[in-house]
Structure formats: C-alpha cells, structure tokens
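Here's a quick briefing to read with the structure open beside you. Take it one topic at a time and find each residue as you go.

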Amino acid sequence: MNGGPVGLLLGYIFIGTICYSVMITVGEMIAYLPVAGGHIKLAERFVDSAFAFALGWNLWYNWTLTLPAELSAAATIIDFWDYKINNAVWITMCLVVVVGINIWGVGAYGEAEFWFCSIKVVTITGLIILGIILDLGGGPSHDRIGFRYWKDPGPFVNFDRIQGTKGHFLGWCRVITQAAFSYVGAEVVAMTAAEAKNPRRNVPKAVRRIYFRLLVFYIGGVIIIGLLVPSNNPLLDVNSQNASASPFVIAINQAGIKGLPSVINAAVLSSAWSAASSDLYIASRALYGLAASGSAPKIFLRTSRSGLPYVSVAVCASFSLLAYMAVGSSSGMVFTWFSSMTATCGLTTWFGIGVTYLRFYKGMRAQNFDRRKLPYMSRLQPYAAWWAVCASAVTMFFSAWEVFLRDEWSTATFVTNYLPIMLFPVLYVVAKVVTRASLVKPSEMDFKSGVAEIEAITHDDPPPKNWMEAVWMWLM
C-alpha cells in the first residue's frame, strides 16, 4: 500500500540482501564456534564485554516487544470473522495459549512448533501455487489478471501524494521497515546452535538453504501479492478498523472462492500464534542468559525442577499486556507501532553481528588462521559483513523519515522507530564506563576454547530413508 507492487518487491529484495549477508556472516562464526549464547558470546570474545552487554539487552527487548506485536496481529486476523467483538477477548485467548505452551516446557514448545512450522510451510507453498493459478485466470471467474495492477493503479505509489520519482522513492523507503520486520529472526539459528544436534554439520546446511527460502517464500510471496491485489485496496490499510485479512485472503475473496478465505486466515493466525510462542521462548532464555553472564539480576536464574526459567518467563510474559493497547486503538495501528520498534531492534542486532564478524575476520588474519578450513565459509566475506553493517545502519536511521515531512509529525512513530537506536549506544557507553572493558586485541582473540569438545561430537548425519524425507529435511 505504501510502495506499490514494484516498490514492495524492491523493498523485500533490498532487505533480503541484508538478511542473506547476515546469515552467511553469523553462519561462518557459529559453525566454527557453536557456543551457548550465540552471537552475544561471540561479541564478548571478539569485540568486548560492553558490546556483548548492549547486544544482549537489545536482543531481549527485541523479542519481548515482538510478543505484543504478534498478539496484536492475531487480533487483527481474527477481526476477519467478527470485528464487533472487543479485541481484548482475542488477545486474552491467544495469550493464554502462548503462555501455556511455554510453561509446559521445552517438550511442549518443540511439539507445538513442529506442527506450527509444518502448517506454515504447507500454507505458503499452497498460496504461491494458488496465486499463480488465480493470476492466470484459473479461478471461478476465469479472470486473467496478469500484470493488470502493475498498470492500474501502477507499479509504485506516490507517498503522501508526492508526485514523480521522489514520491516513488519515499514510498519504497517506507516499505523497507515493514520488510525488515518480516525478515528479522532468521539469525536465531545462532542462538540455538549450541543446543542443536551436530552443529558443525547442521548449521552450514541451514545457512545454505536460506537463499531458497528468501527467494521462494519471501520474494515469491510478495510477487504474487503484487499481482493479485491492487495497492489501493482499502483492506490493506492496517490502521483502519476494517483491516481484517491478509493480502492472500483479499485476493481469494476477489476471485470468488467460497470457504477457502477462512481456512487461509486460520493458517495465518496459527503463524502469528507460533511467532508469539517463539518470541516468549527466546525472550525468556535471553533474559536467563543475561542473568547467567552477570548482566541481569540473579533472580532470573531461578528454575523449576524441570529446568523451566519460570521467573524469566513470567517477567517476559508480563510485557505482552502491552498488546491490550489494541483495545483503545485499532489493532492494526498497535501492530504497526510494535513492528516498527522490533524491526529497528532487529536491524541493530544485524549491525552488531556484522561488527562482530569484522573483528572475527581481523583476528583470523592476525593469527594466520586459514578460513578455507572452517566448517562453513563464504567468498563474499568480508564484503557481506560490511554490507550488513552499512545497510542496517542506513535503514535504521531512515526508518521513520516521514515524520519530518511537513505536517506529518507523529510522536508514536518517532519513538517506536528511534528509541531502540538511542538505547543501544547508551547501553554500550554505560557498560564501557562501569566495567572499563577494553577492546579485545586481534592477536589475543580466543579461537580455541571449546573447539576440541565441538569436534568430538561432530559426525555425519544418517541419510534420509526415502525421497519424501529428503525433501522435508531439506525444506525444514
């Protein structure tokens, strides 16, 4: 709606290049050193403890604030069926399920995530195939859409009625923050590497598959959306009271397919539910990790007999109450506020990963390590890391540029986009002053601790039993 079909596509491609750069960057480090704490611990090894402190707290409030964002999204999706019921009912229902899954422990969380992920993969694959069929005129109306909406209302949107190339460019700039929210979270593979089976083999596999997921699920998805739904469709406005469906549901309704929109919306709802469950899990473990490293109060180290960090879970879950802001405002508007904040936090994480890798790369060269012997390496380095650092920083600083246009000031937009940017350097400087942490010298960087233990558990994975298992393992 802000950028038009081509603006949307270019925005997702732009953020996709950053995401891919981040993945091959963190993949090279974490495949060699799959340590508990992921890129936070690597930042402590290769940058300094103050940088790790700031990065750790940024990770925590990133995922803590993503939780109410996903709950607001769930309320928006449920409005598709009945927008007259107060959003507090839907938020409470979703919150009970999310907290319940996390309280039941890792086993319940893992089982739920398996089914949620299966639904997501099947749904997005089916929607892309269905979208192609509808675009070619295979729907009940047999209306061949083609590139109709790229011509009328057009490939780009004139942002804030600013005409010409300038309006198109500003519309594209507005898209990239929204795109960043969709991509953020791919780097979580670094946080789970230490708990993964056979990380030296599986982490490189996960990184190599990322380009396929980016091309098919993200880029492919936005291409289909741009073909099927005109950018001026009022249902795309998440700040309105009738923003009750995903673009795919809008397209299916337009095609006249009965019943399927509700099925698709239910699948999209399960995706928001899954994301909220993952947000709480990651946020609580991040807070537990901060406490374990001495960066947070020790009370967050308390666990149940089964190992559940219940204090961390309870504190992180309490922030989900912010989702009830959707009761007084449009749930879509509240989702926009939180998604903007978490997108900026995620870009800060990507920036930190890039900086950590550049230090890692410098240390490797200083100590004459041969990168070709690493479990995973990319020939795009160190240029990919530099791209991640520079592009993330530029995207962050221009994430809410529209508030500086004449008569467009919005305090909520300014705060939700720029508060995380201001918090990160403050946390770093405070930690630097308090701990007097010095930058780790390249010649003194630790590339050996834990390597022997990791190599001892490295083994070749058993081959798949059949072609279906091979395809599923490759996708997942």
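Which side chain meets that of Lys41 in a salt bridge? It's the side chain of Glu44, with N and O 3.5 Å apart. Keep in mind that you're looking at a predicted model. The points below start with pairs like this one, then move on to the cores, a buried threonine, a helix and a surface patch.

**Salt bridges**

- The structure holds 5 salt bridges, and the general idea is simple: side chains of opposite charge can pair when their charged atoms come close.
- Back to Lys41 and Glu44: these two sit 3 residues apart in helix 2, which means that about one helical turn separates them.
- Both partners are partly exposed, Lys41 with a relative accessible area of 34% and Glu44 with 37%.
- Another salt bridge joins the side chains of Asp48 and Lys432, at 2.7 Å from N to O.
- That pair ties together distant parts of the chain, since Asp48 is in the loop between helix 2 and helix 3 while Lys432 is in helix 16, 384 residues apart.
- Is Asp48 buried or exposed? Asp48 has a relative accessible area of just 1%, so it's buried, because buried means under 20%.
- Its partner Lys432 comes out at 24%, so Lys432 is partly exposed.
- Arg372 pairs up with Asp370, and their closest N and O atoms are 3.2 Å apart.
- Here Arg372 is exposed, with a relative accessible area of 70%, whereas Asp370 is partly exposed at 30%.

**The nonpolar cores**

- The largest nonpolar core has 66 residues, and the ones with the most contacts inside it are Ile15, Tyr183 and Trp350.
- Several helices each give at least two residues to this core, including helix 1 (4-32), helix 3 (49-78), helix 7 (164-183), helix 9 (199-228) and helix 14 (331-366).
- Which helix supplies the largest share of this core? That's helix 1, with 15 residues.
- Try clicking on Tyr183: leaving out neighbours within four places in sequence, Tyr183 is in contact with Tyr12, Ile15, Gly16, Cys19, Leu214, Tyr218, Ile219 and Trp350.
- Apart from this core there's another one, made of 50 residues, among them Ile40, Val188, Tyr281 and Leu287.

**A buried threonine**

- Thr348 is found in helix 14.
- With a relative accessibility of 3%, Thr348 counts as buried.
- What does Thr348 touch, not counting residues up to four places away in sequence? The list is Leu55, Asn58, Met396 and Phe424.

**Helix 7, checked with a ruler**

- Helix 7 has 20 residues, so at 1.5 Å a residue it should span 28 Å.
- The C-alpha atoms at its two ends are 29 Å apart, which agrees with that expectation.
- Just after helix 7 comes Gly185, which takes a positive phi of about 120°.

**A nonpolar patch on the surface**

- Val426, Val429, Val430, Val433 and Val434 make a nonpolar surface patch of about 460 Å².
- Val426 has its place in helix 16.
- Val426 counts as partly exposed, because its relative accessibility is 47%, and a residue needs over 50% to be called exposed.

How values were computed
Residues are numbered from 1 along each chain as its sequence is written. This is a predicted model: local features need pLDDT of at least 70, side-chain atom pairs count only at pLDDT 80 or more; totals for chains, interfaces and linings use all residues. Side-chain values use heavy atoms; hydrogens and water are left out. A nonpolar core is a set of buried Ala, Val, Leu, Ile, Met, Phe, Trp, Tyr and Cys residues joined through side-chain atoms within 4.5 Å. Buried means under 20% relative accessible area, exposed over 50%, partly exposed in between (1.4 Å probe, protein chains only). Helices (H or I, at least four residues) and strands (E, at least two) are DSSP runs, numbered from the N terminus. Contact means heavy atoms within 4.5 Å. Patches are made of residues with over 30% relative accessible area and no salt bridge: like charges are joined within 9 Å, nonpolar side chains (Val, Leu, Ile, Met, Phe, Trp, Tyr) within 5 Å. Accessible areas come from the Shrake-Rupley method with a 1.4 Å probe; for residues, only the protein chains shown count as cover. A salt bridge is a side-chain nitrogen of Lys or Arg within 4 Å of a carboxyl oxygen of Asp or Glu. The expected span of a helix is 1.5 Å times one less than its number of residues.
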